[in-house]
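Colleague: Before I use this model, I would like to go through the labels attached to it and hear the reasoning behind each of them. Could you set the values against the criteria as we go?

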Amino acid sequence: LAWHGLDAPRRDRSALVDTVERLEGARIPASVLESQVLKMRIADYDSRDLDALLASGRVVWVGAGGLGQRDGRVVLYPTVHATLLAGAVAEPPSGVIHTALQAHLAARGASFFPQLVAATGGAFGPDVLNALWDLVWAGLVTNDTFAPVRAFLRPGRFVSASARGGPRRGPAAIDVPPTAVGRWSLVSALGDPATASPTQRASARVSALLERHGILTREAVLAEELPGGFTAAYGILKAMEEAGRVRRGYFVAGRGATQFALPVAVERLRAYRDPPDHPSAVLLAATDPANPYGAAVPWPERGDVARRPMRAAGASVVLVDGALAAWIAKGEREVLTFAAVPEGTPDPGPACVADRLASLVGTGRRKVLYVETVDGVPARDSRLGPALREHGFVDTAQGMLRRPGA
């Protein structure tokens with residue numbers, strides 16, 4: 001958590017750029033990228049700052065696969081690294097409209113949506129939009145603003161001029177839906193990937209993983225789905241060790257003997273060997289790269305509960321001094337708890353989890369919060385029930401309810 005700056009969110013002007021550099025290459029659901037991941041790292045985060053950074057050309061976003069109907073993974077890159085790190089899906093879409101859009105962008109460069117519709121020979125606007133987003137999630141097309149991604153998460157209705165009965169006078173008369181604003185361009189236009197050797201690309205990806213994790217285990221590499229897996233990374237890490245750039249050691253117990261770390265990460269890890277005097281709880285997205293569970297380290301076992309935690313979009317975790325205290329399903333109606341301290345020691349986990357859940361009420365659009373089940377039983381009868389009541393939750397027929405000001 002401290003490695004990602006979650007213990008002390010920054011306010012300086014370079015905070016967003018530094019955050020992008022630490023997150024570069026991480027596939028993060030768009031639905032949580034700004035609302036949870038960036039806001040946890042940057043105090044008073046403003047989405048306009050990201051748009052300004054994208055418009056300046058210093059940073060680029062790239063799609064990395066759709067998630068259901070209205071979400072998808074996105075990756076942020078400093079533009080100078082995008083060619084080395086970005087990669088399209090194995091089987092890109094190849095329909096007639098997809099091909100026409102790519103041909104136009106390759107020939108004409110960055111274009112607005114009306115120009116793209118015209119390039120398809122006047123195809124139906126919604127069909128062009130759907131094809132455009134197919135290319136986005138395939139990692140082939142990007143935009144100079146993040147506004148269309150935000151609109152994609154909150155869909156509206158596409159209405160063309162012809163559908164309203166109005167005259168069509170060419171591209172200028174085409175309505176531009178919120179999911180199509182800005183200038184669209186090919187990711188490949190950022191640079192020619194052929195100018196970089198496979199070794200250079202692999203080295204850049206491993207360096208990005210080290211920057212993101214600090215201490216790199218086999219499990220963390222596998223979770224990142226690095227091409228070639230840990231075998232491909234090992235040779236590069238070994239060369240970096242010989243050059244004095246990384247250290248090899250047994251830093252994380254139970255994760256295998258082959259671990260590599262940046263020297264500064266090892267020194268910081270030693271400072272956190274002893275627990276603090278007062279517990280510190282953080283609620284963050286389960287998919288946040290700062291959450292090691294389900295990636296660098298496994299989820300703790302709960303043999304008495306059928307439900308298994310996952311790094312799913314919309315799910316959250318509560319970490320108490322870095323230890324997993326709870327996994328919270330999307331919508332917060334289902335919670336799994338875990339012991340945050342060794343058995344026989346007073347566990348601050350329930351109080352911390354209840355406090356973090358209560359803090360969600362009244363923020364953003366959240367007016368009320370229901371917790372229906374905890375560890376597979378009704379919340380009122382669970383180990384978390386007393387702590388929830390102490391933090392303003394009340395028993396209802398639907399579960400335990402928290403309202404603002406409770």
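Colleague: What makes you say that helix 11 lies across strands, and which strands are they?

Modeller: In this predicted model, helix 11 (residues 229-242) lies across strand 6, strand 7 and strand 8, and its direction runs at about 50° to that of strand 8. Contact here requires heavy atoms within 4.5 Å.

Colleague: How do you know which of those strands stand at the edges of their sheet?

Modeller: The three strands form an open sheet in the order 6-8-7, with antiparallel pairing, and strand 6 (215-216) and strand 7 (247-249) are the edge strands, each pairing on one side only. Two strands count as paired if there are at least two bridges between them, and strand 7 is joined to strand 8 (residues 259-261) by three bridges, so the criterion of at least two is met. One of the residue pairs is Gly-249 with its bridge partner Gln-259 in strand 8.

Colleague: Why is helix 1 called largely enclosed?

Modeller: Buried means under 20% relative accessible area, and seven of the nine residues of helix 1 are buried, so the helix is largely enclosed by the rest of the structure. The buried residues are Ala-15, Leu-16, Val-17, Thr-19, Val-20, Arg-22 and Leu-23, and their cover includes strand 1 (28-29), helix 2, helix 3 (47-56), strand 2, strand 3 and helix 9 (198-213). Just after helix 1, Gly-25 takes a positive phi of about 90°.

Colleague: What makes the meeting of helix 1 and helix 2 a contact, and which residues take part?

Modeller: The axes of helix 1 (residues 15-23) and helix 2 (residues 30-41) come within 10 Å and cross at roughly 115°, in a right-handed crossing. Leu-16, Thr-19 and Leu-23 in helix 1 meet Val-37, Leu-38 and Arg-41 in helix 2, and the residues of this contact divide into four nonpolar, one polar and one charged.

Colleague: Why is strand 2 also described as largely enclosed, and how is it paired with strand 3?

Modeller: Six of the eight residues of strand 2 (residues 59-66) are buried, so the strand is largely enclosed by the rest of the structure. Strand 2 and strand 3 (residues 72-78) pair in the antiparallel sense over six bridges, with Gly-66 standing opposite Gly-72 in strand 3. The two strands form a hairpin with five residues between them, and Gly-68 in the turn has a positive phi of about 70°.

Colleague: How do you know that strand 9 and strand 15 are edges of the six-stranded sheet?

Modeller: The open sheet has the order 9-10-11-12-14-15, with mixed pairing. Strand 9 (281-285) and strand 15 each have a single partner strand, so one side of each is left without a neighbour in the sheet. Within the sheet, strand 10 and strand 11 run antiparallel and are joined by five bridges, including the one that makes Ala-323 in strand 11 the partner of Val-320. Helix 2 packs on this sheet, touching strand 9 and strand 10, and its direction makes about 150° with that of strand 9.

Colleague: Why is Asp-321 called partly exposed, and why is Asp-375 called buried?

Modeller: Buried means under 20%, exposed over 50%, and partly exposed in between. Asp-321 has 39% relative accessibility and therefore counts as partly exposed, whereas Asp-375 has 14% and therefore counts as buried. Asp-321 lies in the loop between strand 10 (316-320) and strand 11 (323-328), and Asp-375 in the loop between strand 14 (373-374) and strand 15 (377-378).

Colleague: What makes their phi values worth a remark?

Modeller: Most residues other than glycine have a negative phi. Asp-321 has a positive phi of about 50° although it is not a glycine, and the phi of Asp-375, near 55°, is likewise positive.

Colleague: Why does Thr-179 count as buried, and which residues does it touch?

Modeller: Thr-179 has 10% relative accessibility and therefore counts as buried. Thr-179 is found in the loop between helix 8 (147-153) and strand 5 (184-186), and, not counting residues up to four places away in sequence, it touches Leu-129, Trp-133, Pro-148, Ala-151, Phe-152 and Trp-184.

Key:
Residues are numbered from 1 along each chain as its sequence is written. This is a predicted model: local features need pLDDT of at least 70, side-chain atom pairs count only at pLDDT 80 or more; totals for chains, interfaces and linings use all residues. Side-chain values use heavy atoms; hydrogens and water are left out. Buried means under 20% relative accessible area, exposed over 50%, partly exposed in between (1.4 Å probe, protein chains only). Helices (H or I, at least four residues) and strands (E, at least two) are DSSP runs, numbered from the N terminus. Axes are lines fitted to C-alpha atoms, for helices over the stretch in contact, and angles run from 0 to 180 degrees between N-to-C directions. A crossing is left-handed if the near helix is turned anticlockwise from the far one by less than a right angle, and right-handed if clockwise. Ala, Val, Leu, Ile, Met, Phe, Trp, Tyr, Cys and Pro count as nonpolar, Asp, Glu, Lys and Arg as charged, and the others, Gly among them, as polar.
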